[in-house]
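User: I'm new to reading protein models and would like a close look at one strand and what sits around it. Could you walk me through it slowly and explain the terms as you go?

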Amino acid sequence: MAGVMDSVNQRTQLVGQNRLELLLFRLSGNQLYGINVFKVKEVLQCPRLTMMPKLHPVVRGVAHIRGGTLPILDLNRATGGPGLDNLDTAFVIITEYNYKVQGFLVRSVERIVNMNWSEIHPPPKGTGRDHYLTAVTRVDNQMVEIIDVEKVLAEVVPTNEKISEGVINQETNAEAVSRRVLIVDDSSIARKQVSRCLQEVGVEIITLNDGKQALDWLKLQADQGEDVSKSLLMMVSDIEMPEMDGYTLTAEIRNDPRLKDLHVMLHTSLSGVFNQAMVKKVGADDFLAKFKPDDLAQRVIDRLHAVRDQVE
């Protein structure tokens, strides 16, 4: 299995071309699941797990790997199933989200597939399972489910969503009145986190689920004669999204004369300096790693001040 991940570092050029690669894996049954290779650091046979008191039920234990201690989360249990058994034959996918490293326990790891984000779709409504899914796709006529990892992590290791005292004041709230911010994210938990944060600032929120939805909505506003760069304070967009990723969305906005002046901030759980280069390449105005409420609120406040200064 080590060979599966050997070339991950060479795969990053796919990002920015509306492409991604999925590492396919299985949990307790035959259902295939996928995770973006760009978030995977390593895949290994399940190491010996050490139990610790007061662990969340989803955390099967901690493992000592490469000189560090990592929590190992059972994805089958996280998605409503029983805990995986036969740990001697199970695998752990080491991932990095929001600058935090953890392992996901899975039954087996299959292979890596190269895909276009346009082939990744929101989960069908009414399935009863979409509470933990962020997207679905098909590989060799098999359904592949992509788990909302941010939701899993938020439940296991709750994120502080409160803005620190002193970041927002009455003057900021007054400036924010009637200002609108477009939030684009396929994760329901991420949309809620960002929305709650920005509502504290005082701006009006519009939320959409993916890049294609956002681009269609923005073009519709422009078709109706609206100058979105003035009617919207800014757009805060995730990068990884079904149908169209945040890089492609930004590039499309910059290529449309009616939209090109919209202030775009990419807000993602993808870690690494690679994103800084991509932000410049596609023409985004700013980049922020998830989820730091004080930093996010401050970026919006800075934008409010910039718009105020332009008017003055």
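Analyst: Let's start with strand β7, residues 100–106, which is mostly covered, with five of its seven residues buried. Buried means under 20% relative accessible area, exposed means over 50%, and partly exposed is in between, using a 1.4 Å probe and protein chains only. The names come from DSSP runs: helices are H or I with at least four residues, strands are E with at least two, and both are numbered from the N terminus.

Before going on, a word on the model. It is a predicted one, where local features need pLDDT of at least 70 and side-chain atom pairs count only at pLDDT 80 or more, while totals for chains, interfaces and linings use all residues. Residues are numbered from 1 along each chain as its sequence is written, and side-chain values use heavy atoms, with hydrogens and water left out.

Back to β7 and its partners. Two strands pair if DSSP finds at least two bridges between them. Strands of a sheet pair through backbone hydrogen bonds, either parallel or antiparallel. β7 shows both kinds: with strand β5 (residues 68–74) it pairs in the parallel sense over three bridges, and with β6 it pairs in the antiparallel sense over seven bridges. Gly-103 is a handy landmark, being the bridge partner of Ile-72 and also of Ile-94.

β6 and β7 form a hairpin with two residues between the strands, and there Asn-98 takes a positive phi near 55°. Why is that worth a second look? Because most residues other than glycine have a negative phi, and most peptide bonds are trans. Just before β6 there is another case: Asn-86, in the loop between α1 (75–78) and β6 (91–97), has a positive phi of about 50° although it is not a glycine. Asn-86 counts as exposed, at 56% relative accessibility.

Further along the chain, Ser-178 also has a positive phi, near 75°. Ser-178 lies in the loop between α3 (170–176) and β11 (180–184), and is exposed, with a relative accessible area of 64%. For an unusual peptide bond, go to Lys-290 and Phe-291: the bond from one to the other is cis, with omega near -25°. Phe-291 is in the loop between β15 (286–289) and α9 (293–311).

Helix α3 is also home to Glu-175, which is buried at 17% relative accessible area. Its side chain makes a polar contact with that of Arg-308, at 3.0 Å. A polar contact is a pair of N or O atoms within 3.5 Å; within protein, one must be able to donate a hydrogen and the other to accept it, and residues adjacent in sequence count only if both atoms are side-chain atoms. Leaving out residues up to four places away in sequence, Glu-175 touches Leu-304, His-305 and Arg-308, where contact means heavy atoms within 4.5 Å.

For another sheet to explore, try the open one of five strands in the order β8-β1-β2-β10-β9, with mixed pairing. β8 (108–116) and β9 (133–139) stand at its edges, each with a single partner strand, so one side of each has no neighbour in the sheet. Inside it, strand β2 (residues 32–36) and strand β10 (residues 142–147) pair in the parallel sense over three bridges, and Leu-32 has Val-144 as its bridge partner in β10.
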